[in-house]
Amino acid sequence: MVKHIVLYTLKDGVDKDEAVGLIASCLEPLVGKIPGLIHMEVRKAFNGMDYALYSEFESREALKNYAVHPLHLEAKEHFHHLLNTRVCADYDL
């Protein structure tokens, strides 16, 4: 199993609550639709970054495939313009 953690900041002037709700509504439903994606949660952060994305994948290959999956790419189109910075870490369990 692979755990995928991403921390984001949003662009200045973006409403954090609204943005995080939108992002969660776009990404969390992908569980069960993209092979190998086991779990996904998007939550507003309260220290340093604006929000955190936590997800679990069956394997490194599943994570790699998720990154380019058409449903993931389509979901990103709805909110990618709101993002400023991104920090990511992945690890095997």
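This report looks at a core and three residues in a predicted model.

**The core**

The largest nonpolar core holds 25 residues. Six members touch the most other members: Ile 23, Leu 27, Val 42, Tyr 51, Tyr 66 and Phe 79. Several elements build this core. β1 (2-10), α1, β2, β3 (51-57) and α2 (60-68) each supply at least two residues. The largest share comes from α1, with six residues.

Leu 27 shows how such a core member is surrounded. Set aside its neighbours within four places in sequence. Leu 27 is then in contact with Met 40, Val 42, Leu 53, Tyr 66, His 72, Ala 75 and Phe 79.

**Two residues outside that list**

Now take Ser 55 and Val 31. Ser 55 sits in strand β3. Is Ser 55 buried or exposed? Its relative accessibility is 0%, so Ser 55 counts as buried. Buried means under 20%.

Val 31 lies in a loop, between α1 (16-27) and β2 (37-44). Val 31 counts as partly exposed because its relative accessibility is 33%. That class runs between the 20% and 50% limits. Pro 70 is 39 residues from Val 31 along the chain. The C-alpha atoms of these two residues are 14 Å apart.

The table lists contacts, leaving out residues up to four places away in sequence.

| Residue | Contacts |
|---|---|
| Val 31 | Leu 37, Ile 38, His 39, Met 40 |
| Ser 55 | Val 2, Lys 3, His 4, Leu 37, His 39, Met 40 |

Leu 37, His 39 and Met 40 appear in both rows.

Terms used: Residues are numbered from 1 along each chain as its sequence is written. This is a predicted model: local features need pLDDT of at least 70, side-chain atom pairs count only at pLDDT 80 or more; totals for chains, interfaces and linings use all residues. Side-chain values use heavy atoms; hydrogens and water are left out. Helices (H or I, at least four residues) and strands (E, at least two) are DSSP runs, numbered from the N terminus. Buried means under 20% relative accessible area, exposed over 50%, partly exposed in between (1.4 Å probe, protein chains only). Contact means heavy atoms within 4.5 Å. A nonpolar core is a set of buried Ala, Val, Leu, Ile, Met, Phe, Trp, Tyr and Cys residues joined through side-chain atoms within 4.5 Å.
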